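Trainee: I'm new to this one. Could you pick a single part and walk me through it closely?

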Amino acid sequence: MKKLLLMISACIFMVSCGGGAKKAEPTKETEPEQEVVEITEEVAEPTAEVAEEVKTIEVKEVAKSEPVAEKSHAKEVKKKATVGEWTGYVCALQDYIMDKPKKLSIAEAKALREKGRMLAFITGDKAYIVYSTSGVYAGKRLEKKAGKDFTIKGKLKNVGGMQIIIADSYN
Amino acid sequence: MKKILILLTVVFAFSFANVADAAELKGKIVSLNDVMAGKDKVLSVADAGKLYEKGFPLAFKSGEKVYIVYSTSGVYAGKRLVKKAGKDLTIKGKVKNKGGIQYIIMDSIK
């Protein structure tokens with residue numbers, strides 16, 4: 001009986017430590033001073049399908065000042081991007097999220113894209129949003145590649161907590 | 001008696017685990033293209049509508065984090081976001097991260 005009570009207490013303690021409603025982080029739109037932000041991003045683990053050659057490069061970019069703030073201030077953002085290649089298929093992002101990942105045909109992918117639904121690239125148990133090197137969402141490109149397994153070569157970037165592939169090539 | 005207690009423990013733990021995802025986030029509607037380009041642009045309803053029609057993803061940015069927003073039925077809430085573009089918003093819902101995709105199952109948006 002004591003053991004059971006201890007178990008219940010431990011369980012409640014463990015869950016309550018990690019629980020509670022999350023609150024939004026305050027935005028930094030109106031901060032007047034110049035500041036340097038260094039964001040170190042997680043390097044994604046290469047999945048089984050990921051290419052043999054995966055190397056990490058450092059990309060330094062200077063974010064432009066926010067239009068709302070009167071004083072312009074540059075943020076030096078230090079980011080890590082993972083170069084690699086990933087083999088997978090095209091799926092509707094909502095299907096993946098609802099635990100029903102399905103390989104879409106070209107017609108299905110087109111219909112979804114025209115409805116404004118997002119397409120994702122699934123490799124293993126991970127999903128990625130794909131962008132072109134020019135910084136545009138590559139939904140149309142994914143639509144053309146739907147229905148079969150293919151390989152994307154490019155860079156993996158973590159943008160605001162999202163895993164995004166910047167595709168150099170599709171095979 | 002023991003079995004009932006074990007069962008209660010499990011039920012209790014699961015109900016707490018669900019509460020743990022619940023969140024209330026303040027932020028604004030952004031274009032994922034802009035986020036990728038490092039721009040912090042506030043979208044108007046018209047801009048958001050154009051992007052949505054072209055099939056470009058809209059997202060919710062709270063602090064430095066970006067979320068794709070889904071309705072409780074599991075459908076991408078792009079249309080809903082278009083209507084709410086251009087102003088500061090509060091979304092209540094469940095925040096999740098699955099396989100590198102960060103998203104909110106939205107209960108309400110104000």
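Mentor: Sure, let's zoom in on a strand of chain B, β2(B), starting from one pairing: B:Ile29 has B:Phe60 in β2(B) as its bridge partner. A quick word on the ground rules: this is a predicted model, where local features need pLDDT of at least 70, side-chain atom pairs count only at pLDDT 80 or more, and totals for chains, interfaces and linings use all residues. Residues are numbered from 1 along each chain as its sequence is written, while chains are lettered from A and ligands numbered from 1 in the order in which they are written.

Helices (H or I, at least four residues) and strands (E, at least two) are DSSP runs, numbered from the N terminus. Two strands pair if DSSP finds at least two bridges between them. Here, β1(B) and β2(B) run antiparallel, joined by 4 bridges. Going the other way, 3 bridges join β2(B) to β3(B) (residues 65–71), again antiparallel, and B:Phe60 has B:Tyr67 as its bridge partner in β3(B). These two strands form a hairpin with 2 residues between them, and B:Gly63 in the turn has a positive phi of about 65°.

Now for burial. A residue is buried with 20 or more other C-beta atoms within 10 Å of its own, exposed with 12 or fewer, and partly exposed in between, with C-beta atoms placed from the backbone. In β2(B), 5 of the 5 residues are buried, so the strand is largely enclosed by the rest of the structure. Both faces are covered: B:Leu58, B:Phe60 and B:Ser62 are buried on one side, B:Ala59 and B:Lys61 on the other.
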